[in-house]
Amino acid sequence: QNDNFPVFEKPSYSFPPILENEPSGQNVGSVKASDADSGAYGTIRYALAGVYNDRFHVDSVTGNITTAQSIDREDAYGDVYPLLVIAEDQPKDHKRRTTAQLTITIEDKNDNSPAFALKLYQATISENVVHANFLTVSASDPDKGINSQLTFSIIGGNNGSLFAIDAKTGDVSTTGR
């Protein structure tokens, strides 16, 4: 008789973050449920549900969860994937199922280059201006945390070191030389 629902060991699962842009098949973690019934009534199969379930795979027998594709943290889905994992017993009719919350977090990799807000910055200044800010450049990087921190520097064309740039703000100034 099928009088018991499957029961997960935990009501929700959260695993250590997985690194973005790794090949499919990356191990995420494992879930486990049990069912007090016997035979097909106590045999459990696992499945995933949710908007993003196509990005992950759960082994229907073991409950082991892996990536189904390479995942880019900077795409439209972001770095947290909320899913449901389903445990369902296996009688021919009147199956019983239960769900648990599953949260998968994607860890950022420094995989994007910074980009300036404009392709060209231009400014006009008077010839004898000393120590004056005359332009601010800006850039962004879609990576996260330390991987998105920018440092500005002038790498060429500054003959005589007549100009300086603030490494943090992007403010360009004359040096007074």
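Here is a friendly exchange about a predicted model, walking from its core to its pockets and loops.

Colleague: Let's start inside: which elements give two or more residues to the largest nonpolar core?

Modeller: That core has 23 residues, and those touching the most other members are Phe8, Val31, Tyr46, Phe56, Ile65, Leu102 and Ile104. The elements that contribute two or more residues to this core are β6 (44-49), β7 (56-58), β9 (80-89) and β10 (97-107).

Colleague: Nice. Leaving aside neighbours within four places in sequence, which residues is Leu102 in contact with?

Modeller: Leu102 is among the core residues that touch the most other members. With neighbours within four places in sequence set aside, its contacts are Tyr13, Phe15, Leu48, Ile65, Tyr81, Pro82 and Leu83.

Colleague: Along β6 the side chains alternate, so which of them point to the buried face?

Modeller: On one face of β6 sit Arg45, Ala47 and Ala49, and these are not buried. Tyr46, on the other face, is also one of the core residues touching the most other members. The buried side chains of β6 are Ile44, Tyr46 and Leu48.

Colleague: And what stands opposite Ile44 in β9?

Modeller: β6 and β9 pair in the antiparallel sense, over 6 bridges. Within β9, the residue opposite Ile44 is Asp89.

Colleague: Is Gly63 buried or exposed?

Modeller: Gly63 lies in the loop between β7 and β8. Leaving out neighbours within four places in sequence, Gly63 is in contact with Gly29, Ser30, Val31, Tyr46 and Val58. Its relative accessibility is 0%, and because the cut-off for burial is under 20%, Gly63 counts as buried.

Colleague: How far apart are the C-alpha atoms of Gly63 and Ser24?

Modeller: Along the chain, Gly63 and Ser24 are 39 residues apart. In space, their C-alpha atoms are separated by 17 Å.

Colleague: What about Thr66: buried or exposed?

Modeller: Thr66 belongs to strand β8, residues 64-67. Beyond four places in sequence, Thr66 is in contact with Gly25, Gln26, Asn27, Val28, Phe56 and His57. Its relative accessibility is 16%, so Thr66 counts as buried.

Colleague: On to the pockets: how many of the residues lining the largest pocket are nonpolar?

Modeller: The largest pocket has a volume of about 550 Å³. Of its 20 lining residues, the closest to the centre are Phe116, Val137, Ser153, Ile154 and Ile165. Strands β11 (115-116), β12 (133-136) and β14 (163-165) each supply at least two residues of that lining. Counting by type, the lining has 1 charged residue, 3 polar and 16 nonpolar.

Colleague: How many charged residues are in the lining of the second largest pocket?

Modeller: The second largest pocket has a volume of about 160 Å³. Residues lining this pocket include Glu127, Phe163, Thr174 and Arg177. The lining divides into 5 nonpolar, 5 polar and, for the charged residues, 2.

Colleague: Which residue in β15 is the bridge partner of Phe163?

Modeller: β14 and β15 pair in the antiparallel sense over 3 bridges. Phe163 also lines the second largest pocket, as does Thr174. In β15, the bridge partner of Phe163 is Thr174.

Colleague: Which residue takes a positive phi in the hairpin of β14 and β15?

Modeller: This hairpin has 5 residues between its strands. The phi in question is near 85 degrees, and the residue that takes it is Gly170.

Colleague: β15 has another partner in β12, so what stands opposite Thr136?

Modeller: β12 pairs with β15, residues 171-174, in the antiparallel sense over 3 bridges. Opposite Thr136, in β15, stands Asp171.

Colleague: Is Ser173 buried or exposed?

Modeller: Ser173 is placed in strand β15. Not counting residues up to four places away in sequence, Ser173 touches Ala132, Asn133, Phe134, Leu162, Phe163 and Ala164. With a relative accessibility of 15%, Ser173 counts as buried.

Colleague: Last one, on the loops: what is the phi of Ser161?

Modeller: Asn21, in the loop between β3 (18-19) and β4 (27-30), has a positive phi near 60 degrees. Ser161 lies in the loop between β13 (139-140) and β14, and at 33% relative accessibility Ser161 counts as partly exposed. Its phi is also positive in a residue other than glycine, with a value near 50 degrees.

How values were computed: Residues numbered from 1 in each chain as written. Predicted model: local features only at pLDDT ≥ 70, side-chain atom pairs only at ≥ 80, totals over all residues. Heavy atoms only, no water. Helix = DSSP H or I, 4+ residues; strand = E, 2+ residues; numbered from the N terminus. Buried < 20%, exposed > 50% of the residue type's maximum accessible area, 1.4 Å probe, protein only. Contact = heavy atoms within 4.5 Å. Core = buried A, V, L, I, M, F, W, Y, C linked by side-chain atoms within 4.5 Å. Pairing = 2+ DSSP bridges. 1 Å grid on protein atoms, 1.4 Å probe; cavity = no way out; pocket = protein on both sides within 12 Å on 5 of 7 lines; lining within 4 Å. Points joined across faces, edges and corners; volume = space filled by probe spheres on them. Nonpolar A, V, L, I, M, F, W, Y, C, P; charged D, E, K, R; others polar.
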